Amino acid sequence: MNIFFRMAVAAVPGGLGAGLLAHLWQAQRRYQADCVPETIGSCLNLGLFVLPFGPLAVTVAVWLTLWVSGVRWAGLSALLGAVIAAGGVLLEQGMHTRWTPPAVWLAMVLGAVGFAAGVLVVTARLSPLVRVGLALVLLAPLAVFPALRKETRRDSDEKAFASLEIPLLVPQVPGYAIGWAAAFPEDDRLGMTLVREKHLISVFVIDLPDDFAPPRHCGPLVAELVGRPPDPPLETGCRQLGRDHWARVERDDEVHLVRREGALVLVDPLDAPAEDVAKAATTLTVLTPQRLAQLANS
């Protein structure tokens with residue numbers, strides 16, 4: 001049987017299956033985006049549970065097609081083809097900051113090429129050295145994906161941080177590292193979390209409110225910044241700890257507030273020791289967008 005015929009036998013069901021999976025993924029994402037939950041689990045549907053098993057179903061379909069066509073090593077060819085196709089999808093996903101359904105036509109191309117390549121590597125008359133080398137080259141995207149995804153996120157974060165007009169004030173607390181950081185350009189706001197083992201410190205940097213007048217009016221509460229305003233409303237007053245440095249009690253925790261370079265920094269202890277929170281409030285340093293993006297994605 002001609003090698004090109006064997007590759008075509010695998011490419012057709014592989015491409016069609018991959019395209020169908022991409023279509024189902026897009027439909028599921030639209031459904032989840034439009035669904036308004038009325039009860040817990042009301043936005044869950046059958047597609048959400050079936051979709052993860054789609055790649056296995058496509059692989060089985062390719063294997064059956066190859067087996068019926070009399071292709072030797074049908075199972076191994078289908079399995080290797082699935083891994084190669086998955087590597088191509090991961091390479092495409094590495095160019096996005098989060099999981100994003102690929103275009104249907106692109107998924108069909110990646111599926112067809114991946115399964116055809118699997119047949120080529122397994123069934124073509126190649127020397128063992130060439131066969132292994134070709135397989136490694138085709139599987140390389142699996143190894144490249146983590147670094148590519150990290151670089152994409154770093155570049156996206158750098159652009160987002162650069163779009164803010166407020167200074168990028170970051171605490172320098174020994175033993176703590178940035179676990180998460182995000183820019184909110186629509187509100188000109190920066191949020192981040194400092195992590196050390198089981199201790200967390202939440203930090204928000206916002207534009208200094210026009211009505212900021214301590215000790216009576218000390219800006220928004222942390223709960224308001226995260227979209228959970230307290231009911232009933234709490235007093236926003238504070239007490240002074242030092243020059244441009246205040247504190248107030250929220251949720252039985254002492255939140256530090258620092259005025260610096262036209263911005264207001266709120267340091268929320270979450271579950272960190274009080275001395276670490278005080279250190280965070282007094283070690284604020286302005287970072288460049290590039291440096292902050294590196295720290296947030298290290």
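This report walks through strands, turns, salt bridges and a surface patch in a predicted model.

## Strands 2, 3 and 4

Let's start with strand 3, which covers residues 189-196. Six of its eight residues are buried, so strand 3 is largely enclosed by the rest of the structure. On one side of the pairing story is strand 2 (residues 177-184), which runs antiparallel to strand 3 and is joined to it by seven bridges. If you want a landmark for that register, take A182, whose bridge partner in strand 3 is G191.

Strand 3 also pairs with strand 4 (residues 199-207), again in the antiparallel sense, this time over eight bridges. Two pairs let you follow the register here: V195 has L200 as its bridge partner in strand 4, and L190 stands opposite V205. Strand 4 in turn pairs with strand 8 (263-268). That pairing is antiparallel too and runs over six bridges, with D207 matched to A263 in strand 8.

## Turns and backbone oddities

Most residues other than glycine have a negative phi, and most peptide bonds are trans. Several spots in this model go the other way, and two of them sit in the hairpins just described. The hairpin of strand 2 and strand 3 has four residues between the strands, and D188 takes a positive phi near 50° there. The hairpin of strand 3 and strand 4 has two residues between the strands, and in this one E197 takes a positive phi near 55°.

Further along, E261 has a positive phi of about 50° without being a glycine. E261 lies in the loop between strand 7 and strand 8, and it counts as exposed because its relative accessibility is 56%, over the 50% cut-off. L270 is another non-glycine residue with a positive phi, near 50°. You'll find L270 in the loop between strand 8 and helix 8 (274-282), where it is partly exposed at 37% relative accessible area. For a cis peptide, look at the bond from P214 to P215, with omega near 10°; P215 is in the loop between strand 4 and helix 7 (222-225).

## Salt bridges

How many salt bridges does the structure hold? There are nine. One of them is between the side chains of D276 and R196, at 3.5 Å from N to O. D276 lies in helix 8 and R196 in strand 3, so this pair ties together parts that are 80 residues apart in sequence. The two ends have unlike surroundings: D276 is buried at 12% relative accessible area, whereas R196 is partly exposed at 27%.

Another salt bridge joins E254 and R239, whose closest N and O atoms are 2.3 Å apart. The pair links strand 7, home of E254, with strand 5 (residues 239-242), home of R239, across 15 residues. Both ends have some exposure, with E254 partly exposed at 30% and R239 partly exposed at 41%.

Then there is R251 with D268, where the side chains meet at 3.1 Å, N to O. R251 sits in the loop between strand 6 (245-250) and strand 7, while D268 belongs to strand 8, 17 residues apart. R251 is partly exposed at 45% relative accessible area, but D268 is buried at 2%. Salt bridges with shared partners join R251, D253 and D268 into one network.

## H256 in strand 7

Is H256 buried or exposed? H256 counts as buried because its relative accessibility is 4%, under the 20% cut-off. This histidine is placed in strand 7 (residues 253-260). Its side chain makes a polar contact with the side chain of another histidine, H245, at 2.9 Å.

Leaving aside neighbours within four places in sequence, the contacts of H256 include L241, W246 and A247. Also among them are V265, L266 and V267, along with V277, A278 and A281.

## A nonpolar surface patch

For something on the outside, look at F53, L56, V60, W63, L64, W67 and V68. Together these residues form a nonpolar patch on the surface, with about 750 Å² of accessible area. One of the members, L56, is found in helix 3 (residues 54-68). L56 counts as exposed, with 55% relative accessibility.

Methods:
Residues are numbered from 1 along each chain as its sequence is written. This is a predicted model: local features need pLDDT of at least 70, side-chain atom pairs count only at pLDDT 80 or more; totals for chains, interfaces and linings use all residues. Side-chain values use heavy atoms; hydrogens and water are left out. Buried means under 20% relative accessible area, exposed over 50%, partly exposed in between (1.4 Å probe, protein chains only). A polar contact is a pair of N or O atoms within 3.5 Å; within protein, one must be able to donate a hydrogen and the other to accept it, and residues adjacent in sequence count only if both atoms are side-chain atoms. Contact means heavy atoms within 4.5 Å. Patches are made of residues with over 30% relative accessible area and no salt bridge: like charges are joined within 9 Å, nonpolar side chains (Val, Leu, Ile, Met, Phe, Trp, Tyr) within 5 Å. Accessible areas come from the Shrake-Rupley method with a 1.4 Å probe; for residues, only the protein chains shown count as cover. A salt bridge is a side-chain nitrogen of Lys or Arg within 4 Å of a carboxyl oxygen of Asp or Glu. Two strands pair if DSSP finds at least two bridges between them.
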